[in-house]
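Please open the structure in your viewer and keep the selection tool at hand. The tour below goes from one selection to the next and says what is to be found at each stop.

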Amino acid sequence: MHKKTIPYFILLSLFVMLSCTSEKQDSSTGVMDRFIDDLMNQMTLEEKIGQLTLYTSDMDHTGPFIRDHYLEDIRAGRVGAIFNAYTADYTRELQRMAVEETRLGIPLLFGYDVIHGHRTIFPIPLGETASWDMEAIEESARIAAREATAEGLHWTFSPMVDVTRDPRWGRIAESSGEDPFLTAQVARAKVRGYQGDDLRDLHTMLATAKHFAAYGAPQAGRDYHTVDMSELVLRNKFLPPFKAIIEEDIATFMTAFNDLFGVPATGSEYLLTQVLREEWGFEGFVVTDYTSINEMVPHGFARDDKHAGELAINAGVDMDMQGAVYNDYLAELVEEGKVSEATIDQAVRRILLMKYKLGLFEDPYRYSDPQREAELVMTEENLEFARDFSRKSIVLLKNDDNVLPLSDDVRSIALIGPMADNQRDLIGSWSAAGDYTKSVTLRQGIINRQGERTRINYALGTTVLDEDRSGFAAALRAAAQSDVVIMALGEHYWQSGEAASRSMIDLPGLQEELFDEIVKLGKPVIVVLMKGRPLTLENLDEKASAILETWFLGTTTGDAIADVLFGDYNPSGKLPVTYPRNVGQIPIFYNARNTGRPKSEGKFTSKYLDVSNSPLYPFGYGLSYTTFDYSDIRLSTTQMPINGTLEASVTVTNTGDRFGEEVVQLYTRQLVGSITRPLMELRGFEKITLDPGESREVTFELTWKDLAFYNANNQFRAEPGEFHLFIGTSSAEVKQTAFSLME
Ligand code: BGC
């Protein structure tokens, strides 16, 4: 037991006054460092270890167990951060315990999974990436931070920047898909949105790069499974987004559950010290994933929890999420000389610095403000933005005979399927404090748009999972009585996300059977898909008149889809991930390398006997209600000096009769390299708007960095030689030219 002293935040004012500053909490490095030094000089080892500990409250459950005495832990100073606790009142109460009941009164840090919105829910990350609209993505993160900080939160466990090529893995829903460049751009935008320019600003919060590293490549798509890959693939495909957001000054990193090269990521000195600190110079703090220190025991890497704790802290883990290992064993490990006090001090310092930067030592309650909470959460403007962002995320996969958009005057629509009048699933997985009862169903969205003008013949038809055909007859009747059929099909929200891998990725239950029956009536059938991953859709693609990929779009789903169905918004989304024809093609991704036998006809070539090599829908694909023409590519030079630049331009023309947006994509291929190089790699994109008949020149500037990669010696180099350069509307439909990179 320690003697109670004045809470530390009160001491801060005194300290700062003595430092002769005019501001209450000076963020200049000297003052901040002296403040932290002074604080740390007064801390016992136990108090320091408390700062390295993060526990969940019981307000939300995001992992296997809850420590039921976490309130006691707060009061005893055994915990420095809490997650899964929000609302101004609740965080204020927990903060009061830390500030008023512990010896030094060091404020708590409150973290939460604010992944795609806090209260106003935006599209799931895979969906928001499909917008390819970095400004909108940044704004969505800014709004999420504004809502979350008003409810007392300081720290989001987002963005997840795990590149993934496996739609069986449920967490593909939380990812930006298969491409490292696109993932990095999205991640940068999100970090800018969450953190802003100044962490002290009341509307900004700490962001987290997770899960470090390669969590998106589990064997056979099964969550938490082993990851094995060459270091070349790791560095060229899986690490770039992590590296990119260090340039955005991301505050924290989270380790991954998986092992990599036979070492659990949470105990990986290679990842956490060599790459993250020494090579990349990361200065924030590293938190584990949920109990991932303890999980090094079943992994077979640590003998017991104590050993796991030793491995984790020495590898570079600063904060233990929920495992209680640091709390239980670090003091003992220090006594035994297995962990140095300097290591503990370094971790504590990193965490206290973040608390300082947030302004918590000046006023620990500054984020927990009921009035701001009432004013800033789920405002009209937030919902309006959400609707626009959601419709930008929709991808038009098919549109035979321009069946879409529907005319305002359509007399009757059969609206069929388990997602048609479904609120529960719309906000997707990891929807934080989102309230699904506030979300707009597709049925409601169509009614909001059409009012009395159109008769809606609604029929559930079947549920997502049950093997029950009793609703088929009513669905067929509804279809027979209507001019057009909209079928809203998909997965439950819990069928993607964490611990939600599927070995088959077809439409669950009897949905496809119902679709087949309805199609036989010969009416135009428009399929609206809601789900967290690519599914195998060959049959739908063959028979439906139109298909809209709508992911899970969040709170304003129904209105956003209605905007697209009736042409108030012309779809502009593009796929951030390849859609396989069947599960056997997985992993299938556009930036693959060539084989020595690349032709797909004839014997002894690299192909399947039972399915083509091509995907159903390629990366970057998505249709519009208008058409775009691409000119040939113009290059500023065909001989690019290695220290110079290359400009590549195209003119894009809207050749249809509607306003539209197009994502112009630039890819390159290095023909011969010191290691084999991908067939294509995304190196740039720009989303443009065009009126009917309007043309626009789009110019990309490349430097050697855009052509570089990690070679067999782990050096980031561009290699002189021949390149192809492609610009187009998807990875499969491009104009092509060539240039040389000169010594
Ligand atoms: C997930 C993390 C998440 C954490 C806290 C874990 O199970 O893997 O992504 O941030 O829980 O909720």
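Begin by selecting the ligand, which in this predicted model sits in the largest cavity. With the ligand still selected, show the residues around it: there are 14 of them, and those that come nearest are Thr62, Asp113, Arg171, His211 and Asp289. If you colour this shell by residue class, you should find seven nonpolar residues, two polar ones and five that are charged.

Next, bring up three side chains one after another, and look in each case for the polar atom that faces an oxygen atom of the ligand. In aspartate 113, an N or O atom of the side chain is 2.5 Å from a ligand oxygen. Histidine 211 places a polar side-chain atom 2.7 Å from an oxygen atom of the ligand, and for glutamate 498 the corresponding distance, again from a polar side-chain atom to a ligand oxygen, is 2.8 Å. How much of the ligand's accessible area does the protein cover? Taken on its own the ligand has 310 Å² of accessible area, and the protein covers 99% of it.

Now leave the ligand and select residues 733-742, which form strand S27, together with residues 721-730, which form strand S26; these two strands run antiparallel and are joined by nine bridges. The connection between S26 and S27 is a hairpin of two residues, and, as a landmark along the pair, phenylalanine 723 stands opposite phenylalanine 739 of S27. Add residues 639-641, strand S19, and you will see a pairing with S27 in the parallel sense, over three bridges; here methionine 640 has leucine 741 of S27 as its bridge partner.

The last stops concern the backbone, where it helps to recall that most peptide bonds are trans and that most residues other than glycine have a negative phi. Select leucine 404 and proline 405, whose peptide bond is cis, with omega near -5°; proline 405 belongs to the loop between strand S11 (395-399) and strand S12 (412-416). Then move to isoleucine 586 and proline 587, which are also joined by a cis peptide bond, with omega about 0°, and note that proline 587 lies in the loop between helix H21 (557-565) and strand S17 (628-630). Finish at tyrosine 224, where phi is positive, near 70°, although the residue is not a glycine; tyrosine 224 is found in the loop between strand S5 (208-212) and helix H9 (231-238).

How values were computed: Residues are numbered from 1 along each chain as its sequence is written. This is a predicted model: local features need pLDDT of at least 70, side-chain atom pairs count only at pLDDT 80 or more; totals for chains, interfaces and linings use all residues. Side-chain values use heavy atoms; hydrogens and water are left out. A residue is near a molecule or strand if one of its heavy atoms lies within 4 Å of it. A polar contact is a pair of N or O atoms within 3.5 Å; within protein, one must be able to donate a hydrogen and the other to accept it, and residues adjacent in sequence count only if both atoms are side-chain atoms. Accessible areas come from the Shrake-Rupley method with a 1.4 Å probe; for residues, only the protein chains shown count as cover. On a 1 Å grid over the protein atoms alone, a cavity is a set of points where a 1.4 Å probe fits but cannot get out, and a pocket is an open set with protein on both sides within 12 Å along at least five of seven lines; lining residues have an atom within 4 Å of a point. A molecule sits in a cavity or pocket if more than half of its atoms lie within 2 Å of its grid points. Ala, Val, Leu, Ile, Met, Phe, Trp, Tyr, Cys and Pro count as nonpolar, Asp, Glu, Lys and Arg as charged, and the others, Gly among them, as polar. Two strands pair if DSSP finds at least two bridges between them. Helices (H or I, at least four residues) and strands (E, at least two) are DSSP runs, numbered from the N terminus.
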